[in-house]
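Got your viewer open? Here is a short tour: select, look, move on.

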There are 2 protein chains.
Amino acid sequence: MTDDPPFSPALLPAGFVDLLTPDARTEAEGVATLMRVFASHGYDRVRPPLMEFEETLLAGSGATLADQSFRVMDPDTRKMMVLRPDITPQIARMAATRLGAAPRPLRVSYSGACVVVMPAAAEESGRQIMQAGIELIGPDSPQADAEVMSVGAEALAQLGVPEVSFDLTMPPLVPALLEEASISPSVRPVLMRALDRKDAAAVAELGGSLSETLIALLRAAGPAEQALDQLAHISLPPRARAFSERLAATVAAVRKTAPALRLTVDPVEFRGWKYHTGVCVTVFAVGRAEELGRGGRYLSSDNEPACGLTFRPDVLFRTIPPAQPCPRVYLAPDADAQVAARLRAEGHATLAALSSTPHAAGPEQNRAEAQRLGCSHILSGATCTKLD
Amino acid sequence: MTDDPPFSPALLPAGFVDLLTPDARTEAEGVATLMRVFASHGYDRVRPPLMEFEETLLAGSGATLADQSFRVMDPDTRKMMVLRPDITPQIARMAATRLGAAPRPLRVSYSGACVVVMPAAAEESGRQIMQAGIELIGPDSPQADAEVMSVGAEALAQLGVPEVSFDLTMPPLVPALLEEASISPSVRPVLMRALDRKDAAAVAELGGSLSETLIALLRAAGPAEQALDQLAHISLPPRARAFSERLAATVAAVRKTAPALRLTVDPVEFRGWKYHTGVCVTVFAVGRAEELGRGGRYLSSDNEPACGLTFRPDVLFRTIPPAQPCPRVYLAPDADAQVAARLRAEGHATLAALSSTPHAAGPEQNRAEAQRLGCSHILSGATCTKLD
């Protein structure tokens, strides 16, 4: 290996990687599979750009992304542009502008790369983030929430992701409850952090008259039907009750199309949900820590109801078998061009000899060259032979 | 349209666009077709990242891209990172590092988005540039040059791009000739600009003893065989002669695999070719001004011979018919789920009614809803009906 160039540990910035074959193919083919399933349910593909003006991309629900975004100045307008850290705010912008007059429900799908300044703690997978997802804009109903999750589950099944879990939560439930119970605004954030940490002792101490209810909510987490059964027995004031019933109705609607899907419910989980107004979901592969995707209900531009789900193909492709390699056929200098074309049409990769003298190399040299290039077959004349 | 939000003319920075369906699909499916053809000839897919350190990406042949690149600081290392303006220098980096020990010829393919600070004059299509291409690294022969062009031509044919022209040039020929003829270094750039402008009067004036040869070279441009025939009759000193013969040998090698391809030759054209060391090609659709792609021979990292061709899918998709829409089927609330799944498997897009009350809507309401959503069919129970 004396010809290798000196290795530089700083060759790529942290969080950016080169993918080679088969990983690059696995990812690209995985995205194609996701997009095909999305399209089959009427989700029309859009492709927003990599960069936008800061004032449009980070407006509205995009504001929470401000500290995650690389900015550069547009030399033309002298305005700041943002390298997108997320595609969803772009879809919200499109839904309110070019797609503002399109009929509702508006179903759109998208895929592409995003860049974040620093990866979130849970996402080891880097600063270049791949996204592929759907947004269902217009309706606000359990059926709409359920459609997004069912289509997502079908896409993962088509990809062959083994044993996924859709973990549901309802981030606005606890804030509504604390407000309705007149918990002091200064106590609320502390109490919510305690709930998020599942710290029952702190919840009991800070919860005042709500302590018993909050501890019961803390415990109503687990497999969906079991958690919802516990939740139904907790006495809640009207707005919190409505959120709890909406969660139950969404689970029931998911069950109609995906009866065997592994669903969990945790009504007090709200880590990472910043601008969401209804049911949210995090998708995991059982036994793996990294999220495969996440989504939920929010208000799009102009407060239009919307629900979306975004997968992370760069994480997904590590949970599925690598793309099958094409059988490689070495084309000897005398290989028949029509037979080679037929082999390609049948799914082979053909690697041509790059020689100007068709008959210079003997059969032994051709075999050696084929083996050196990782070919399993050799085509000489019209005859394709398997190498030993 | 009173509900439309106010339109902002500055919604997106100049040179960045939103693609909708069908354009977004046409582009994505076009890229998939290109990549499939590349893979069928043994070009293994790689996926380098969107950003790299300036000192690696803009090293070597990447240096010519410095003024086209957006830079941001990596808050981690405080080093400057570059948003890639081109993928080829990334492939050169990979070929010398992680793929340094891979057998040669090394065939790799790639696709992805790039961003340039300002579009080149000829490229109206914006600052976000899509690329899909191949690199053949290791061999330096007419057969290698020809393989890259033939594979590119096959990919365009598969895409259905009508009437393409591969316009060949040999950028190092004229500089070698001027050097061999001892034209003064101060005159050379002026003379080269005159040649590039096809300004025969200025060439005659500045060319000194070379005037006649240079005017003859100027005129030896046009359909490949005709231009090469003229070129063969021009008396050239040894190095210039070798370049001219290599151009002829490359055309002959292309003809073996692509006898009907429209090829032109212009031996004095070198606009836009900065670091190239051999045959270069620009691909056009006949009658359109925008380039579909370009490529040529250069020295990769560590001076390893390489030849590549990069297409611009964002330009290509405007030359081909839009992706065929899937027939859209509205699923009435009582639609049979298994029939709907079968319709999707057969290539239909199904749009589900988002209602919790399966029998609330009558047939007339369902038809009206299907039409509003642009569906051509409606599925009620197990019966799929075409709308009038």
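Two stops follow, a sheet and then a helix pair.

A few ground rules: this is a predicted model, where local features need pLDDT of at least 70 and side-chain atom pairs count only at pLDDT 80 or more, while totals for chains, interfaces and linings use all residues. Residues are numbered from 1 along each chain as its sequence is written, chains are lettered from A and ligands numbered from 1 in the order in which they are written, and side-chain values use heavy atoms, leaving out hydrogens and water.

**Stop one: chain A**

Select 51-53 and 70-73 of chain A: these are β2 and β3, the edge strands, each pairing on one side only. Strands here are DSSP runs of E, at least two residues, and helices are runs of H or I, at least four, numbered from the N terminus. Two strands pair if DSSP finds at least two bridges between them.

Now add β4, residues 80-83 of chain A, which runs antiparallel to β3(A) and is joined to it by four bridges. Zoom in on M73(A), and you'll find M80(A) of β4(A) opposite. Together you have an open, antiparallel sheet of three strands, ordered β2-β4-β3 (chain A). From one strand to the next, the twist averages 35°.

**Stop two: chain B**

Select α4 (142-159) and α10 (238-257) of chain B: their axes come within 8 Å and cross at roughly 50°. Axes are lines fitted to C-alpha atoms, for helices over the stretch in contact, with angles from 0 to 180 degrees between N-to-C directions. That makes α4(B) and α10(B) oblique to each other (not under 35 degrees, roughly parallel; over 145, roughly antiparallel; or 65 to 115, roughly perpendicular).
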